[in-house]
Amino acid sequence: GHHGGVDLLVADYAMPGMQGSELAEQVGRRFPAVKVLYQTGFSDRLFENRTELEEGAAFLEKPFTARGLPEAARLALFGSINP
């Protein structure tokens, strides 16, 4: 098992067997302060039944660059690309 905290969960939004939001909910029950970064090639699906993501969540459109991932992670964790 995992020991310690989890600061950031990076999950694909659409995965076989479980949606990224379901995984985020499960991880969030164990680690309430976790931030979530969804990666998706279908950002329209993220907002299908809502106008914004849950608190502490951000998304990164696929395909993304090697620079885009850490920038998105900083944005999800700190609310800014340059904290």
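Visitor: Tyr13 and Tyr38, buried or exposed?

Guide: Both are buried. Bear in mind that this is a predicted model.

Visitor: How many aromatic pairs are there?

Guide: The count comes to one aromatic pair. Tyr13 and Tyr38 form it, edge-to-face, with 5.2 Å centre to centre and 85 degrees between the planes.

Visitor: Where do Tyr13 and Tyr38 lie?

Guide: Tyr13 is in the loop between strand E1 (8-12) and strand E2 (14-15), while Tyr38 belongs to strand E4 (residues 35-40), so the pair ties together parts 25 residues apart in sequence.

Visitor: Which pattern does the protein chain follow along the sequence?

Guide: The order is β-β-β-α-β-α-β-α. That is three helices and five strands.

Visitor: Changing topic: what is the radius of gyration of the protein chain?

Guide: The protein chain has 13 Å, which agrees with the value near 12 Å for a compact globule of 83 residues. Along the principal axes, the C-alpha trace spans about 35 × 35 × 20 Å.

Visitor: And what share of the 83 residues is buried?

Guide: Buried residues make up 29%. The accessible surface of the protein chain is about 5,600 Å², with 53% of that belonging to carbon and sulfur atoms.

Visitor: What about contacts between residues at least 6 apart in sequence?

Guide: Of those contacts, 45% join residues at least 24 apart.

Visitor: Last one, charges. How many positive and negative?

Guide: The protein chain has 8 positive and 11 negative charges, and their mean positions are 6 Å apart.

Methods. Residues numbered from 1 in each chain as written. Predicted model: local features only at pLDDT ≥ 70, side-chain atom pairs only at ≥ 80, totals over all residues. Heavy atoms only, no water. Helix = DSSP H or I, 4+ residues; strand = E, 2+ residues; numbered from the N terminus. Rg over C-alpha atoms; globule rule 2.2 N^0.38 Å. Buried < 20%, exposed > 50% of the residue type's maximum accessible area, 1.4 Å probe, protein only. Contact = heavy atoms within 4.5 Å. Areas by Shrake-Rupley, 256 points an atom, 1.4 Å probe, with all protein chains shown as cover. Lys, Arg positive; Asp, Glu negative; His and termini not counted. Charge placed at Lys NZ, Arg CZ, Asp CG, Glu CD. Phe/Tyr/Trp six-rings, centres within 6.5 Å; stacked < 30°, edge-to-face > 60°.
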